[in-house]
Amino acid sequence: MTTIQKKNVDPTAHLTPEDIEQLGIELDAIRQSVLDVRGEADAKYIRNVIKTQRGLEAGSRAVLLFSIFPPAWLLGTAGLSVAKILENMEIGHNILHGQWDWMRDPKIHSTTWEWDMATPAKQWQHSHNELHHTYTNVVGKDNDLGYGIMRVDEEQRWHPFFLAQPFWNFINACFFEYGIAAYDLELGKNLKIKKENRSEEFQANVKGVLAKIRKQATKDYLVHPALSLPTGSFLPTLAANFTANVVRNLWSHSVIMCGHFPEGVETFEKKSIDGETRGEWYLRQMLGSANISGGPAIHMMTGNLSFQIEHHLFPDLNSNRYAEIAPQVQALFEKYGLNYHTAPFPQQVYSAWHKIVRLSLPNGWLDETNAKNLPTQLVKLYKLTTGGPKVRRMIELADRRAANDKKLAAA
Amino acid sequence: MTDTLLRPSEDRATLRGRLVQLAEAATTPLMPADYLDLIAPLRRGTDLRGRIVSVHPETRDAATIVLRPGVDWAGHVPGQYLRIGIDVDGVREWRAYSLTHGPRADGCISITVKAVPDGKVSNHLVHAAKPGTLVHLEQAAGDFVLPSSRGELVETKLLFVTAGSGVTPVIGMLRNLFPVTDSGVVDLPRSADLDIVVVHVAPSEPDSIFLDNLRELDAHGAVRLVPRYDDVHGVLDVAELSSLVPDLAERTTYACGPSGLLDALTAHHEAAGLPLFTEQFRAGFVEAGEGGTLTLADGRTVEADGATPLLDVAEAAGALMPSGCRMGVCFGCVVPLKEGAVRDLRNGAITTVDPISSAAGGVPIQTCISAAAGACHIER
């Protein structure tokens, strides 16, 4: 993708500033319509989800006490995986957004909740709620764009390092909770700083993360396996916990990729958000997110991040209401001539992975390559990879000249 | 000997301690209580809660709510009040109500609630609360109790002046002194010497909570009831008291009602040199206005207009505040409002907090989109 400001066709060009402000007013009205009616039924909803999740987790862990028996292992592992997904997505993510603060229940509150994740809630709230949700898809501001380790935009200069990014991305997916923790710590940036110069805040945060990881790992890989010892199920229970964590990590990574990575989701330049109005902020959220279409099960298991667009417009609105406002939001997209980006889960996952593979290669390489020119293309890629910056610049220059010549010839 | 006696319990303590530790390690980041509370919310050692057992209508806009408190309920003295947190339209609301029974044999407690106009909680309790509902409680509190309960000398000649639902703590005291059973009023030896007059003030007759109960006590001779209805007798002037109660000078007065009546009584009794104990009902009511002040954690108070977020007001005053997106999205600026009223700058929604009728510790608010709508106190 290319930031919206550099595109040949800006998908917002047809909107006047008045249109954009009117759009903001109409979105505010949708938000208010939910605030006006939410109440007991919503409170009941989240309490039921929490109760179900805790029952499922406790039940699955009880079954895993006998995990030496394969059917118990399968059942317990499946249950625990689902429980961990619910805990992170529909419960943890949304409570930590403050979606349920309005209930004034100190047990279900953004200031008191802690979740089954390597990263402590407070740190994640800072990097996610404050940075990602405020600066959504602004290149250089929103580190969720590639988590600082991937090339997710044509404008990022290609380097052979990125050839391995599909692999990095897969590893990151398997151990996503640790990836998030490192990301919340801005580990990459901080490790570059000399040890004695790192901020006290960073050092305190590292301590917090390590303490959290120790507790979580002790629970999953020591306490529960040890409790299974009487049936000789130590190792199977350990394996079950590991599997459930990987399943949860792969799943949440995929869902989150679907939210901002599919082809066609827009990114923005840093300058473009100076003095941004509320309407413009809304517009950026609308174009910078993508939904997953599907039934109630997918919405529940994604923590309603299948309504990523609605979530980004109203991050503090309780998730159980996204489904009912989605048609109204989609109608606004149509009214203002904007693209409501939604597709089934497999399609969005494919699209996101396709982009990661495409951008792991030099700009245009994947599009230009076909069966006939594959050998020459491979040679070019080899040169680019092994040749160093000078060679890369030369080849880029030659490409650009060839493209210009073609244009001239066509004219 | 001491050793052998102590050791087993010490062992149990450490074994218990270890088991708790293990349970915590198995449930982290939650606590074992988070699971147990789903099954046994009234058990020992957890947050104090109660369950509504029954709701008895008293008048057309008042009801007595009988509650089974959690195991850790420490009991109460008649005249004390109870802070109760109940979810109304999904929102946890806290209010204080007088306990209207002496300690009951069945271990339940009761409060009597009058539905006040626009009263979110009182209307819910009177008209919508259902048996089985779980509520949140604090231990009984309040100094408005009879001397006998405080272990002091008992004055035998008493006057109760009650107005509206201010009758509820007094009913609590009277029920303790004269239990009413199905077979009538029970005379207890401890109450034999008492000489009690109750002046009960209400706008009109059918609105008097517990009127039947008071009449019954009056008929039995346990108290002398002097009802005063605004629509029949006119609004009570405290100067009339000496004619309503000729031996006023010999009595100790206990009064509960709105502040206007209490202020008048206090002035009257001080002038006459008479003993008086009072309890204001609906204490600390906060009314939302436009703009106000902000009192910071360090005690300083600054002006806060109705259009500026409290976050900006506090920062302009040099306070270190948590902050984030400054647009109401990230919840990084949430701090408890201990007292006061704020207006959500996005949609005008009002949040009011007062120390009696809100959750202990205040109500967390987003300071970046909340402007003062009264005298606000924030935690940091």
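This is a tour of a predicted model, to be followed with the structure open in a viewer.

**Stop 1: chain A as a whole**

Select chain A and colour by secondary structure. The colouring should pick out 17 helices and two strands. For 411 residues the globule rule gives 22 Å, and the radius of gyration of chain A is 24 Å, close to that figure, so chain A is as compact as a globular protein of that length. Along the principal axes, the C-alpha atoms of chain A fill a box of roughly 75 × 55 × 50 Å. Of the 411 residues in chain A, 41% are buried. Now turn to the contacts of chain A between residues at least 6 apart in sequence: 70% of them join residues at least 24 apart.

**Stop 2: the largest nonpolar core**

Stay with chain A and show side chains for A:Ile85, A:Leu86, A:Ile180, A:Cys258, A:Tyr282, A:Met286 and A:Leu313. Within the largest nonpolar core, which has 67 residues, these seven touch the most other members. Next select residues 70-96 of chain A, which form helix H3; this helix gives the core eleven residues, the most of any contributor.

Centre the view on A:Met286. Which residues does A:Met286 touch, if those up to four places away in sequence are not counted? They are A:Ile309, A:Leu313, A:Phe333 and A:Leu338. A:Leu313 thus appears in this list and also among the core residues that touch the most other members.

For a second, separate core, move to B:Leu158, B:Leu177, B:Ile196 and B:Cys256, which are included among its 34 residues.

**Stop 3: chain B as a whole**

With the view now on chain B, select the entire chain. Chain B has nine helices and 20 strands. Its C-alpha atoms fill a box of roughly 70 × 65 × 40 Å along the principal axes. Buried residues account for 39% of the 380 residues of chain B. Among chain B contacts between residues at least 6 apart in sequence, 68% join residues at least 24 apart.

**Stop 4: the domains of chain B**

Colour chain B by its domain assignment: domain 1 (2-39), domain 2 (49-137), domain 3 (149-280) and domain 4 (292-378). Place a marker at the centre of domain 3 of chain B and another at the centre of domain 4; taken over C-alpha atoms, the two centres are 42 Å apart.

Then select residues 45-147 of chain B. An unreviewed UniProt entry annotates this span as "domain: FAD-binding FR-type". The span is 44% strand and 9% helix, and its end C-alpha atoms lie 32 Å apart.

**Stop 5: where the chains meet**

Show both chains and select the residues in contact across the boundary. There are 37 of them in chain A and 23 in chain B. On the chain A side, helix H1 (17-37), helix H2 (40-64), helix H4 (121-132) and helix H8 (200-227) each supply at least two residues. Coloured by class, that side of chain A shows eight nonpolar, 15 polar and 14 charged residues.

**Stop 6: A:Gln125**

Finish by zooming in on A:Gln125, which is found in helix H4 of chain A. Is A:Gln125 buried or exposed? A:Gln125 counts as buried because it has 23 C-beta neighbours inside 10 Å, and the cut-off for buried is 20 or more. Leaving aside neighbours within four places in sequence, A:Gln125 is in contact with A:Leu96 and B:Gly332. Add A:His93 to the selection: A:His93 and A:Gln125 are 32 residues apart in sequence, with 9.2 Å between their C-alpha atoms.

Technical notes:
Residues are numbered from 1 along each chain as its sequence is written. Chains are lettered from A and ligands numbered from 1 in the order in which they are written. This is a predicted model: local features need pLDDT of at least 70, side-chain atom pairs count only at pLDDT 80 or more; totals for chains, interfaces and linings use all residues. Two residues are in contact if their C-beta atoms, placed from the backbone, lie within 7 Å. Helices (H or I, at least four residues) and strands (E, at least two) are DSSP runs, numbered from the N terminus. Ala, Val, Leu, Ile, Met, Phe, Trp, Tyr, Cys and Pro count as nonpolar, Asp, Glu, Lys and Arg as charged, and the others, Gly among them, as polar. UniProt positions are given in the numbering used here, feature names are shortened, and annotations may be inferred rather than shown by experiment. The radius of gyration is taken over C-alpha atoms; the globule rule is 2.2 Å times the number of residues to the power 0.38. A residue is buried if 20 or more other C-beta atoms lie within 10 Å of its own, exposed if 12 or fewer, and partly exposed in between; C-beta atoms are placed from the backbone. Domain bounds come from an automatic or database domain assignment. A nonpolar core is a set of buried Ala, Val, Leu, Ile, Met, Phe, Trp, Tyr and Cys residues joined through C-beta atoms within 7 Å.
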